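Thanks for making the time this morning. Please have the model open while I talk, and I will go through a few of its side chains one group at a time.

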Amino acid sequence: MKKKTFLSSVVGIAVPVGLQSMLQSSFSMIDQLMVGQLGSTAVSGVEIAGRPAFIYSVVLGAISTIAGIMISQYLGMNDRETANRSLSLNLTAAAALALLFTVLCALFPSQIVGLYIKDDPAVLSIGRNYLTWILWTYLPMGISSILAVMIRCKNRAVWPLWAGIASAAVNTGLNYGLIFGHFRLPALGVTGAAITSVVSQLVNLLMMTAIFYRVLVQGQEKFRFSLSLGKDGFRQYLVMLLPILLTELFWSLGQNVNTFIYGHLRQGDLAAMSMTGPVQGLFIGALSGLSQATGILIGRRLGAREYDEAYRESKKLVWYGAAGSLILSVLLISFRWAYVPLYKVEPRIQVTAARLLLAFAVLAPVKVSNMILGGGVVRSGGKTAYIMVIDMAGTWLAGVPLGLAAAFLFHLPVEWVYFILSQEELVRLGLTLLVFKRRGWMNSLSCLNHSSVPSDSGITGNRIFAPADGLNLPNLVRRRQHGSGKRGRNNN
């Protein structure tokens, strides 16, 4: 892939995905800003009610990551049938996850909300009410996310952006109407914000489904839902999914411990932290497209067994992310005081939120480097167990203990608690760099034995499979390997 082609490929995926991620984050920002007009109690209630959705989105992200690994590598092999089967499997997993979270939140809303805040009946009431509505967003969000993966892997990354724009427009208009009672709609306050989120996600799902079938029509393809990957195919899927699922689940639980910490500091600290959430989401969302572009492009290289190119292009992508995050950090530091007054909360809470944004801006380049290197590069080869060990070490050996000590042993202000516990990112980055330089992450899903890896690739027999050497891939992949003697390459 020539430099110009590589850059255009990166931009073609990263920009639309980044914009769409920012639009998704804007759902939260619009909700927060409009709910923020109702006071700090409403802000805190929405924050704690959003914690289950946060856990769900993180675990859903794990499934989406595996979908991206499988689909991009199989498309790199020109194996569309197995790519479609991979899509079917991941759609099923996302739907099952959504139903699980929906049932739990429907049955135990009070207990779930009560985990995150001290005795504060007003906040608990708002949070419980918000949760009973927001749980209906889980299923449409899950299906839309997996469909978007397939669309992006087929070089149509800009199309999901249009769905994001439409759903963001619906979200903004309905929020303005249902929260404050404009457009002759009832003024429902926090409940209106929750209803709006549900409607917006349904709009997004309808548009993503239409876009998906349009992609199939343009490619003169048909999609047949099938889970017939075979015993070995399912085993391969579980070998990849379980480590990343555990990674994201335990990381999200660690983040919920952090929310517990913020909720037990000074009154108003949780509200200040929740005010920074939308900005953090926009910041990370702006560069998340680069992470997804990394997973897709490097996954194609690995699927085509172009290992040297994969390593070289991975380094470029990490530098792109570092440069972009530095620029955004400077902008955030410069404009943070223009943001916090948008909330009608006490001046002390505004000052605290501004300090938290400063701490985030300082840490952001490290966070983004982890997102691209760990979440994009290393995972693209399917060696998800590496990331599991790295993330758990960062969260549970560094972040959580440091946060608990800073809050309850040294009684530091919330901005320092946040900055200290976020040193877990440095631990992750150091460990991920070691893994990256050793090149053990570079694997093709078709590597069945040691001889399948080129001797000049810097890899010494690493495989994605934990089971014995006799493990086979689905029949179609075997025929493509041993029948034609060639491997199709996708250099788009």
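**Aromatic rings and their neighbours**

Let me begin with a cluster in this predicted model, where ring pairs link Y56, F101 and Y138. The structure holds 12 aromatic pairs, and one of them joins Y56 to Y138 in a tilted arrangement, with 4.9 Å from centre to centre and 35° between the planes. Y56 lies in helix α3, residues 51-76, while Y138 lies in helix α7, residues 138-153, so this pair ties together parts that are 82 residues apart in sequence. Both Y56 and Y138 are buried.

Another pair, F212 with Y213, is edge-to-face, at 5.3 Å between centres and 75° between planes. Here F212 counts as buried, because its relative accessibility is 4%, whereas Y213, at 43%, counts as partly exposed.

Rings also have charged neighbours in this model: R214 lies over the face of W159, 4.8 Å from the ring centre, and R439 lies over the face of Y311, at 3.7 Å from the ring centre. R439 deserves a second look, since its phi is near 65°, a positive value in a residue other than glycine. R439 is found in the loop between α16 (424-438) and α17 (475-482), and is partly exposed, with a relative accessible area of 22%.

What is the phi of H411? It is positive, about 55°, although H411 is not a glycine; this residue sits in the loop between α14 (384-409) and α15 (414-421) and counts as exposed, at 60% relative accessibility.

Finally, on the surface, L100, V103, L104, L107 and F108 make a nonpolar patch of about 460 Å².

Terms used:
Residues are numbered from 1 along each chain as its sequence is written. This is a predicted model: local features need pLDDT of at least 70, side-chain atom pairs count only at pLDDT 80 or more; totals for chains, interfaces and linings use all residues. Side-chain values use heavy atoms; hydrogens and water are left out. Patches are made of residues with over 30% relative accessible area and no salt bridge: like charges are joined within 9 Å, nonpolar side chains (Val, Leu, Ile, Met, Phe, Trp, Tyr) within 5 Å. Accessible areas come from the Shrake-Rupley method with a 1.4 Å probe; for residues, only the protein chains shown count as cover. A salt bridge is a side-chain nitrogen of Lys or Arg within 4 Å of a carboxyl oxygen of Asp or Glu. Helices (H or I, at least four residues) and strands (E, at least two) are DSSP runs, numbered from the N terminus. Buried means under 20% relative accessible area, exposed over 50%, partly exposed in between (1.4 Å probe, protein chains only). Rings of Phe, Tyr and Trp (its six-membered ring) pair if their centres lie within 6.5 Å; planes under 30 degrees apart count as stacked, over 60 as edge-to-face and the rest as tilted. A charge sits over a ring if NZ of Lys or CZ of Arg is within 6 Å of the ring centre and within 35 degrees of the ring normal.
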